[in-house]
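Reader: I am new to this structure and should like to know how each description of it is justified. May I ask you to set the values against the definitions?

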Amino acid sequence: MASSSFKPSATPANDRVGSVHVIMGPMFAGKTTSLLRRVNSESNNGRNVALIKSSKDTRYAVDSVVTHDGVKFPCWVLPDLSSCKLKLGQDAYDKLDVIGIDEAQFFDDLYDFCCQAADHDGKIVILAGLDGDYLRRSFGPVLDVIPLADTVTKLTARCELCGKRAFFTLRKTDDKQTELIGGSDLYMPVCRQHYVSGQVAIETARNVLESHKIKIETSTGTASVV
Ligand SMILES: [Zn+2]
């Protein structure tokens with residue numbers, strides 16, 4: 001991870017002190033809702049706010065952030081954060097007090113952007129994103145930003161199977177691709193117990209399906225086995 005933004009002599013352009021706030025957790029934990037609430041309240045307090053989301057996520061409307069329960073907020077859709085100034089224009093960027101970033105795990109330049117925006121440009125950066133993938137491994141750059149953060153909030157969801165607190169995201173399919181974008185059709189929030197039993201169930205289901213497939217293909221005289 002590059003950390004080229006350290007410039008001891010630079011002072012914030014407008015004497016404002018910036019900050020970085022991280023909202024993370026599994027899918028369906030209300031991260032976007034929490035981000036929108038904070039961005040909205042900053043906006044109601046008269047601060048100049050911009051919301052950014054990744055162009056990788058096209059599940060919902062392209063020019064607004066939409067929560068799983070349908071609340072909308074207009075936003076900039078960008079391939080990376082370094083294009084933010086260019087897209088908004090220097091003047092509009094300078095006037096910003098608060099920058100909200102949704103689905104922050106998709107931005108590879110998150111660390112450098114947060115350094116620049118908070119340390120040198122005096123912005124309040126509030127970002128929401130996944131801390132781990134469906135295998136509970138560190139995913140994307142969100143964890144890298146924690147050493148830069150003023151506050152870190154880890155949200156939890158409700159386990160879809162038992163209603164207890166859910167810390168993890170279980171993928172319902174056996175697709176092995178790490179970055180598989182989807183909603184409740186592909187993923188569900190689960191507690192620790194159901195994460196473990198769910199992984200076993202998916203593995204078993206795949207084995208059953210595969211053996212079934214082989215049987216069908218054999219019985220219909222198909223030679224090839226996928
Ligand atoms: Zn459970």
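**The sheet and its strands**

Author: An open sheet is formed by six strands in the order 5-2-6-7-1-8, with parallel pairing. The model is a predicted one, in which local features need pLDDT of at least 70 and side-chain atom pairs count only at pLDDT 80 or more, while totals for chains, interfaces and linings use all residues. Residues are numbered from 1 along each chain as its sequence is written.

Reader: What makes strand 5 and strand 8 the edge strands?

Author: Strand 5 (76-78) and strand 8 (151-154) each pair on one side only. Two strands pair if DSSP finds at least two bridges between them. Strands are themselves DSSP runs of E with at least two residues, helices are runs of H or I with at least four, and both are numbered from the N terminus. By that reckoning the protein chain holds five helices and 12 strands.

Reader: How do you know that strand 2 and strand 6 pair?

Author: Five bridges join strand 2 to strand 6, and the two run parallel; the requirement is at least two bridges. Leu51 stands opposite Gly100 in strand 6.

Reader: What packs on this sheet, and which strands are touched?

Author: Helix 1 packs on it, touching strand 1, strand 2, strand 6 and strand 7, and its direction makes about 165 degrees with that of strand 7. Such angles run from 0 to 180 degrees between N-to-C directions, with axes fitted as lines to C-alpha atoms, for helices over the stretch in contact.

**Glu103 and Arg136**

Reader: Why is Glu103 called buried?

Author: Glu103 has 23 C-beta neighbours inside 10 Å. A residue is buried if 20 or more other C-beta atoms lie within 10 Å of its own, exposed if 12 or fewer, and partly exposed in between, the C-beta atoms being placed from the backbone. Glu103 therefore counts as buried. It lies in the loop between strand 6 (98-102) and helix 4 (110-120), and has a positive phi of about 50 degrees although it is not a glycine. An unreviewed UniProt entry lists Glu103 for "active site"; UniProt positions follow the numbering used here, feature names are shortened, and annotations may be inferred rather than shown by experiment.

Reader: Why, then, is Arg136 called partly exposed?

Author: Arg136 has 16 C-beta neighbours inside 10 Å, so it counts as partly exposed. Arg136 is placed in the loop between strand 7 and strand 8, and its phi, near 65 degrees, is also positive in a residue other than glycine.

**Helix 4 and the core**

Reader: Why is helix 4 described as largely enclosed by the rest of the structure?

Author: Nine of its 11 residues are buried, so the description follows. Among them are Leu110, Phe113, Cys114 and Ala117. The cover over the buried residues of helix 4 includes strand 1, strand 6 and strand 7. Just after helix 4, Gly122 takes a positive phi of about 70 degrees.

Reader: How many residues has the largest nonpolar core, and which have the most contacts inside it?

Author: That core has 51 residues, and Cys114 and Val125 have the most contacts inside it. A nonpolar core is a set of buried Ala, Val, Leu, Ile, Met, Phe, Trp, Tyr and Cys residues joined through C-beta atoms within 7 Å. Helix 4 gives the most to this core, with seven residues.

Reader: Why is the core said to lie between domain 1 and domain 2?

Author: Domain 1 (14-155) and domain 2 (156-221) both give residues to the core, so it lies between them. The domain bounds come from an automatic or database domain assignment.

Reader: Which residues does Cys114 contact?

Author: Leaving aside neighbours within four places in sequence, Cys114 is in contact with Val20, Val125, Val145 and Leu148. Contact requires that the C-beta atoms of two residues, placed from the backbone, lie within 7 Å.

**Strand 11 and Ala157**

Reader: What makes strand 11 and strand 12 a pair, and how do they run?

Author: Four bridges join strand 11 to strand 12 (residues 187-190), and the two run antiparallel. Thr169 stands opposite Pro189 in strand 12. From strand 11 (residues 168-171), Phe168 and Leu170 point one way and Thr169 and Arg171 the other, and all are buried. In a regular strand the side chains alternate between the two faces of the sheet.

Reader: Is Ala157 buried or exposed, and what makes it so?

Author: Ala157 has 22 other C-beta atoms within 10 Å and is therefore buried. Ala157 lies in strand 9 (residues 157-158), and the residues that it touches beyond four places in sequence include Pro26, Phe28 and Pro189.
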